Amino acid sequence: VRAGQRLASMLRWTRAWRLPRKGLGSHSPSFARVPVAPSSSGGRGEAEPRPLPLSYRLLDGEAALPAVVFLHGLFGCKTNFNSIAKAFAQQTGRRVLTVDARNHGNSPHSPDMSYEIMSQDLQDLLPRLGLVPCVIVGHSMGGRTAMLLALQRSQPPP
């Protein structure tokens with residue numbers, strides 16, 4: 001019961017964390033190069049935001065082993081983990097995925113921004129890449145996203 005209460009509390013908090021309707025300064029030259037996805041909520045919060053097609057880099061490894069997924073922090077991008085991802089893939093033989101979160105790096109930008117929707121983005125991406133189950137390592141914002149994903153998709157031991 002406690003885990004369910006914690007998840008409900010976390011989900012309420014993540015729903016409250018939204019970007020301003022005008023985004024993060026779309027007048028900035030760095031945002032001009034990035035595609036902006038239209039909001040699925042219509043501005044009224046009637047519909048749930050939809051997952052975005054995230055930018056990622058997948059390093060090859062043994063498919064029988066669970067992959068390792070690295071999630072960056074706020075204002076970071078997938079290249080923050082280039083060195084460690086490459087070394088990890090070489091030394092362990094695992095597939096290693098680095099991901100640009102929405103509104104970061106080469107991933108599309110959207111006014112919809114919450115830990116809940118970032119978790120949904122991953123729940124959409126990981127099965128498409130055949131990376132379920134996997135090990136998720138997150139820093140800062142990526143760590144919070146990883147924790148929420150684990151709470152939403154945790155399975156009891158057999």
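Trainee: Which residues point one way from β2, and which point the other way?
Mentor: In this predicted model, the strand β2 is mostly covered, with five of its five residues buried. Its side chains nevertheless leave the strand in two directions, and the residues on either side are all buried. Ala 67, Val 69 and Leu 71 point one way, while the other way is taken by Val 68 and Phe 70.

Trainee: Which strands pair with β2, and in what sense do they run?
Mentor: With β4, the strand β2 is joined by five bridges, and the two run parallel; in that pairing Leu 71 stands opposite Gly 138. A further pairing, over four bridges, links β2 to the strand made of residues 96–99, where Val 69 faces Leu 97. The partners are therefore found by counting bridges, since a pairing needs at least two of them. The strands that pair with β2 are β4 and β3, in both cases in the parallel sense.

Trainee: What is the hand of the crossover that leads from β2 to β3?
Mentor: Val 69 of β2 stands opposite Leu 97 of β3, and on the way from β2 to β3 the chain passes through the helix α3. This path is a β-α-β crossover, and its hand is right-handed.

Trainee: How does the order of elements look along the whole protein chain, and how many helices and strands are there?
Mentor: Read from the N terminus on, the elements follow the order α-α-β-β-α-β-α-β-α. In the protein chain, which has 158 residues, buried residues make up 39%. The secondary structure comes to five helices and four strands.

Trainee: Which residues touch the most other members of the largest nonpolar core?
Mentor: In soluble globular proteins, nonpolar side chains tend to be buried together. Here the largest nonpolar core holds 13 residues, and the elements that give two or more residues to this core are β2, β3, α4 and α5. Another core lies apart from it and has seven residues, among them Leu 59, Phe 70, Ala 85 and Ala 89. In the largest core, the members that touch the most others are Leu 97, Val 99, Leu 122 and Leu 126.

Trainee: Which residues is Leu 97 in contact with, leaving aside its neighbours within four places in sequence?
Mentor: Leu 97 stands opposite Val 69 in the pairing of β3 with β2, and Val 69 is one of its contacts. Once the neighbours within four places in sequence are left aside, the full list is Tyr 56, Arg 57, Leu 58, Val 68, Val 69, Phe 70, Leu 125, Leu 126, Leu 129 and Leu 131.

Trainee: What is the volume of the largest cavity?
Mentor: The count comes to one cavity of 30 Å³ or more. The largest cavity is lined by 13 residues, and those nearest its centre are Leu 71, Ala 101, Met 118, Leu 122 and Thr 145, while α4 and α5 are the elements that give two or more residues to the lining. Its volume is about 100 Å³.

Trainee: Which element gives the largest share of the lining of the largest pocket?
Mentor: The largest pocket holds about 380 Å³ of space and is lined by 13 residues, of which Val 132, Pro 133, Cys 134, Leu 149 and Arg 153 lie nearest its centre. The elements that give two or more residues to this lining are α4, β4 and α5. The largest share, four residues, comes from α4.

Trainee: Is the peptide bond from Val 132 to Pro 133 cis or trans?
Mentor: Most peptide bonds are trans, which gives a background for reading this one. Pro 133 lies in the loop between α4 and β4. The bond from Val 132 to Pro 133 has an omega near 5°, and it is cis.

Trainee: Is Phe 75 buried or exposed?
Mentor: Phe 75 sits in the loop between β2 and α3, and its phi is near 70°, a positive value in a residue other than glycine. Because its relative accessible area is 67%, and exposed means over 50%, Phe 75 counts as exposed.

Trainee: What is the phi of Ser 140?
Mentor: Ser 140 is found in the loop between β4 and α5, and at 46% relative accessibility it counts as partly exposed. Most residues other than glycine have a negative phi. Ser 140 is not a glycine, yet its phi is positive, at about 55°.

Conventions. Residues are numbered from 1 along each chain as its sequence is written. This is a predicted model: local features need pLDDT of at least 70, side-chain atom pairs count only at pLDDT 80 or more; totals for chains, interfaces and linings use all residues. Side-chain values use heavy atoms; hydrogens and water are left out. Buried means under 20% relative accessible area, exposed over 50%, partly exposed in between (1.4 Å probe, protein chains only). A crossover is right-handed if, with the strands pointing away from the viewer, the path from the first strand over the helix to the second runs clockwise. A nonpolar core is a set of buried Ala, Val, Leu, Ile, Met, Phe, Trp, Tyr and Cys residues joined through side-chain atoms within 4.5 Å. Contact means heavy atoms within 4.5 Å. On a 1 Å grid over the protein atoms alone, a cavity is a set of points where a 1.4 Å probe fits but cannot get out, and a pocket is an open set with protein on both sides within 12 Å along at least five of seven lines; lining residues have an atom within 4 Å of a point. Grid points are joined across faces, edges and corners, and a volume is the space filled by probe spheres set on the points.
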